[in-house]
Amino acid sequence: MTAPLTPPHQPPHDSAWPAPDPVPPASGGAPSTATELRQSAVVVAASVVAGALLGLLWLWLAPRVTLFSDGKAVYLKNSEGESAIGMDGTFVLIALGFGVLAAVLVFLFHRHGGVALVLGLAAGGVLGSLLGWGVGVWFGPERNVVAHAKAVGPDVFFEAPLELKMWAAAMLAWPIAAMIVHLGLTALFGPRDPEPEDGTWPPVPKPPAA
């Protein structure tokens, strides 16, 4: 009796036998998690450095509040002025511009960016805003108003220190703008996952021919 050519542990070669599970499509060049974390760290570091520029621009562009002293108390030169509100508005507008610019640059250099890059944009925006606030206040006018008034003498006008009345909202302007713009760019122009020809995955095996 002749032994069968096909070993018992292997299925016979039959067109009706189901094909093995297909290999899922490639990731399309998306970076690994470690690479995304490194890219996110670079984004945070660059945002912190840019925060110093934010502070200098705020110091240069923000309107100033003018004060004077009569030797006993300190008064506003223009009690109905809106310079104090303008300080906050100037900071917020500059921070929004930095957030939009950061999102565009990150998208251009890292089109496959994931959650790590978005979190890096948010963290970098907060840290950059904090540093910008500190730089503007540090290099701005004297923060001790009473000592400054005594130093310049009575009836002499001098500038009040830079302040942020709505500091919490100002600190969030950069990160919120960066995340919204980056997510929008990714949704509109980001790479798409490849789709199978019949629109389903995994493909359904075709029945054997009669």
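Helices and strands here are DSSP runs, counted from the N terminus, with at least four residues for a helix and at least two for a strand. I am keeping that in mind as I go through this predicted model.

**Entry 1: the layout**

I began with the order of elements, and from the N terminus the protein chain reads α-β-β-α-α-α-β-α. That gives five helices and three strands. Next I looked up how the chain holds together: among contacts with a separation of 6 or more, 80% join residues 24 or more positions apart. Of the 210 residues, 30% are buried. The exposed surface of the chain comes to about 13,900 Å², and 68% of that is supplied by carbon and sulfur atoms.

**Entry 2: H1 against H3**

I turned to helix H1, residues 33-61, and helix H3, residues 115-139. Their axes come within 6 Å and cross at roughly 25°. Angles under 35 degrees count as roughly parallel, so I noted H1 and H3 down as roughly parallel to each other. The crossing of H1 over H3 is right-handed. I sorted the residues of this contact into 20 nonpolar, twelve polar and one charged.

**Entry 3: H2 against H3**

Helix H2 covers residues 83-109, and I found its axis 11 Å from that of H3, at an angle of about 150°. This crossing is right-handed. From H2, the residues I saw in the contact are Phe-91, Ala-102, Ala-103 and Val-106, and they meet Leu-117, Leu-121, Ser-129, Gly-132 and Trp-133 of H3. By type, the contact of H2 with H3 has seven nonpolar residues, two polar and no charged.

While on H2 I also checked Gly-89, which sits in that helix. Is Gly-89 buried or exposed? Neither quite fits: its relative accessible area is 30%, so I wrote it down as partly exposed. Its C-alpha lies 9.2 Å from that of Leu-164, although the two are 75 residues apart in sequence.

**Entry 4: H3 against H5**

Helix H5 spans residues 167-189, and I read an angle of about 150° between H3 and H5, with the axes 8 Å apart. Over 145 degrees counts as roughly antiparallel, so that is how I describe H3 and H5. H3 passes H5 in a right-handed crossing. The H3 side of the contact includes Val-118, Gly-125, Gly-128 and Trp-133, while the H5 side includes Trp-167, Met-171, Pro-175 and His-182. The residue types here are 14 nonpolar, four polar and no charged.

**Entry 5: Ser-129**

I came back to Ser-129 in H3, since it is listed in the contact with H2 and also in the contact with H5. How accessible is Ser-129? Its relative accessibility is 0%, so Ser-129 counts as buried. Leaving aside neighbours within four places in sequence, I found Ser-129 in contact with Leu-54, Phe-91, Ala-170, Met-171 and Trp-174. Met-171 is 42 residues away in sequence, yet 5.5 Å separates the two C-alpha atoms.

**Entry 6: Ser-69**

Last, I looked at a serine in a strand: Ser-69 belongs to E1, residues 66-69. The cut-off for buried is under 20% relative accessible area, and Ser-69 has 6%, so it is buried. Which residues does Ser-69 touch? Beyond four places away in sequence, I listed Val-74, Ala-149, Gly-153, Pro-154, Asp-155, Val-156 and Phe-158.

Notes: Residues numbered from 1 in each chain as written. Predicted model: local features only at pLDDT ≥ 70, side-chain atom pairs only at ≥ 80, totals over all residues. Heavy atoms only, no water. Buried < 20%, exposed > 50% of the residue type's maximum accessible area, 1.4 Å probe, protein only. Contact = heavy atoms within 4.5 Å. Areas by Shrake-Rupley, 256 points an atom, 1.4 Å probe, with all protein chains shown as cover. Axes fitted to C-alpha atoms, helices over the stretch in contact; angles between N-to-C directions. Parallel < 35°, antiparallel > 145°, perpendicular 65-115°, else oblique. Left-handed = near helix turned anticlockwise from the far one by under 90°. Nonpolar A, V, L, I, M, F, W, Y, C, P; charged D, E, K, R; others polar.
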